[in-house]
Amino acid sequence: MVNPLTYVFRSKVVEKFEFSDAELEALGSELKMEVNKVFGHSLAIRELDSGSDNSTEIEISNLGTPHYDVERFGISFVASPRHADVLLVTGAVTLNMVEAVLKTYEAMPFPKFVVAVGDDACDGGIYKGSYAVLGGVDKILPVDIKIPGNPPSPKEILRGIFALVKKASG
Amino acid sequence: MNSNKKIAGSLSPVGLRLKDNRQIQFNPAVLETRYATDLIIDISGTELQIRRGKNNEFYIPLAEEEFLKTMPSFSEKGFVLLILFCVQDFEENPGFTLFYIFRMNGFTDVFAFMRHVGTETTSVAALFPSACWYEREIRDGFGIEFTDAFDKRRLFLHEAYPGGLHPLLKSFKNGKIQAIQNPEEAYPFKQVEGEGVYQIPVGPVHAGIIEPGHFRFSVIGESIFNLEIRLFYKHRGIEKLAERKTPSACLLIAEAISGDETVANAVAFCTAVEKIAGIEVPPRASYLRGILLELERIYSHMGDLSGMITDIGFPRMTTPFLILRENIFRQNEYLTGSRFMRGAIDLGGVKKEISGEVLSKLSLYLKKFVPQFESAIAAVHTSSSLIDRFSTTGVLKKKLIAPLNLTGPIARAAGVPYDVRLCHPYGIYKYVSPKIDAKTAADVLSRFEVKAAEVLNSASFIQKLISSIPDGAIIAETTGFAISNIPDGYALSMVEAARGQNLHWIYIRSGVIDRYKVRTASFCNWQAIEHAVLGNIVPDFPLINKSLNLSYAGTDL
């Protein structure tokens, strides 16, 4: 029989993680200051895929992984548009998604912001001219910031979010 | 040819070991192909006209009467329907030609049966269940009615598309269409009724950072009694976009089919075009392609492994996987300049040289990666609560694998060791064979273990390639000339992407693409989820979904 007290007194399980990116840390702390000021310490983001090729989703979810861990900077990804300040939209807006995109946007409380992430969300990218897409999020939603890239890296997305927070404060 | 012989000499040839210890050669010997075609002639009972395609696939035109007579016996003999698609005005035949492509266990070759049809024809979905979605897809794309089909709902054209619109017809010019605002009719889901049965509609917008799709659960208490999925929200019109494009311009479209299958789809696309143009990829390029393909498998599987653990609410256990995965993304960027290895593959080889120095750094990194990965996996095995959630959850019956053409890790976890790299080898896999692990329990735990084993196998496969990579050209010298003088023709190519068998069929006419048909593994594998969740509780759905790792983008096109 194991004495349960050994669980209490044994050394804590922690991951050894040697990683530092000075540029990311600098950007993060600046972002945190702005988020504190403009969004009352917490920026809630809802991600919406309107027809991307899934690489942009992967990079956005990478923001939450240990290398980036953006929750440290006051940013959280929320499950419902009703909790969100910002809508991150990826993809060129397919005809099959138009209704869902509009409903998601309508469900957000004011004030609300829209960020287009990735080349196809910015202007349709390689899908421009296809019968199946509208060609860019700004065709149906008021877009505040565009983050181009195929796909943009997590750091580029973070820079875009910083630009948005700056814009929202000004 | 000579250059390829050189690699072949330095490495032992591979083969697929069968039950009775018969060895199938990786290069289809004349005798064996004879046997397979003989079998088809036996079944159909007539002398058939058999044409060999550009990538060693066979094309067999069948008259309507022969077709109807032989399909039941093909189904009985265990032919697996890989794909069914339509081509308009194929070669000298105005109208529609349906291609039914089959494989048989134990054969490296695949057979395409060509059936010439009008705007009305008959369904084979009762014989080959996987045909159901293909037939609905063809109906949407070309307006062909399958009169006796049991499911005649639209597939990729949702309510916003006006009736009578068939975008893959040659007469349809790609461009803006008049979408229906506020459509009245709703999609008819299967209704399950009875005492205590209720429905849970989920999506298309989900709670996480994931792609859109709709799930309609019929639930009794907590157990799932029926699940119906509705996809194609991300339909971007990829096949139409490819029409009239030059092969080089279309490569970008191939890369965008599914983001985390960029390399796999680029290689499949390039292989088909190279076969049509008669381009021989130099050995060094084949090795480099192999390295990138396996790196893609590693990062893709790492995402699943961490995702499965996340979905049972155990975030601490996921961090080592996420850290290692980010490191692989950085290796990708170091090797190719892109975290998703975009633009790395080119017609005739690879776009940029990856120097020996860079490769040896990758090799050094992988030496560090392997023990770290192994310790993360060992940690997973120490958690009884995790094993409890994974084990016996989401069982996929083995008898579904062939009828639905389920492939990739999910099939290998259900006791079917099918892998395109071994069964229909291409590129470097003709000369070096990766190790395959299979499990039989077919639950979430087996899928986890198969994927974990594949990560390690891919890492050691990359090491093997790095240690034996020859010097030389990275792109065939004749590529530019061959592409600008590309003859009319068609070819089928298959690759084993992280999710399973991806299939590309390209038809080139007058130097441009006339028809580009893509079918990723997810298109077939999605249909597995409707079966795997039955009897499981609703909270296990995300876990089962993640363990199957299905791409929406790769399905919706």
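Here are five short exercises with worked solutions on the two chains shown above.

This is a predicted model, in which local features need pLDDT of at least 70 and side-chain atom pairs count only at pLDDT 80 or more, while totals for chains, interfaces and linings use all residues. Residues are numbered from 1 along each chain as its sequence is written, and chains are lettered from A and ligands numbered from 1 in the order in which they are written.

**Exercise 1. Describe chain A.**

Start with the helices and strands, which are DSSP runs numbered from the N terminus (helices: H or I, at least four residues; strands: E, at least two). Chain A has 6 helices and 5 strands. Along the sequence they follow the pattern α-α-β-α-β-β-α-β-α-β-α. Next, the extent: the C-alpha atoms of chain A fill a box of roughly 65 × 40 × 30 Å along the principal axes. Then burial: a residue is buried if 20 or more other C-beta atoms, placed from the backbone, lie within 10 Å of its own, exposed if 12 or fewer, and partly exposed in between. By that count, 48% of the 170 residues of chain A are buried.

**Exercise 2. Find the two domains of chain B and describe where they touch.**

Domain bounds come from an automatic or database domain assignment. For chain B, it gives domain 1 (31-172) and domain 2 (242-525 + 537-548). Their C-alpha centres lie 27 Å apart. Now look for contacts (C-beta atoms, placed from the backbone, within 7 Å): 17 residues of domain 1 of chain B meet 21 residues of domain 2 of chain B. On the domain 1 side, strand E5 (residues 80-90) of chain B gives the largest share, 6 residues.

**Exercise 3. Work out what chain B brings to its contact with chain A.**

First, the count: 40 residues come from chain B and 39 residues from chain A. Second, the elements: helix H5 (238-242), helix H6 (247-255) and helix H9 (315-336) of chain B each give two or more residues to the chain B side. H9(B) has the largest share, 5 residues. Third, the residue classes: Ala, Val, Leu, Ile, Met, Phe, Trp, Tyr, Cys and Pro count as nonpolar, Asp, Glu, Lys and Arg as charged, and the others, Gly among them, as polar. The chain B side divides into 23 nonpolar, 9 polar and 8 charged.

**Exercise 4. Check the length of helix H8 (residues 283-310) of chain B and place it in the core.**

The expected span is 1.5 Å times one less than the number of residues. For the 28 residues of H8(B) that comes to 40 Å, and the end C-alpha atoms are 41 Å apart, which agrees. Of these 28 residues, 27 are buried, so H8(B) is largely enclosed by the rest of the structure. A nonpolar core is a set of buried Ala, Val, Leu, Ile, Met, Phe, Trp, Tyr and Cys residues joined through C-beta atoms within 7 Å. The largest one has 216 residues, and A:Val89, A:Val115, B:Ile101, B:Phe102 and B:Ile506 touch the most other members. H8(B) gives the most to this core, with 13 residues.

**Exercise 5. Order the strands of the open sheet in chain B.**

Strands pair if DSSP finds at least two bridges between them. The 5 strands run in the order E3-E4-E7-E6-E5, with mixed pairing. Strand E3 (51-52) and E5 of chain B each have a single partner strand, so one side of each lacks a neighbour in the sheet. Inside the sheet, strand E4 (residues 58-62) and strand E7 (residues 110-117) of chain B pair in the parallel sense over 5 bridges. As an example, B:Tyr59 has B:Ala112 in E7(B) as its bridge partner.

Technical notes:
Two residues are in contact if their C-beta atoms, placed from the backbone, lie within 7 Å.
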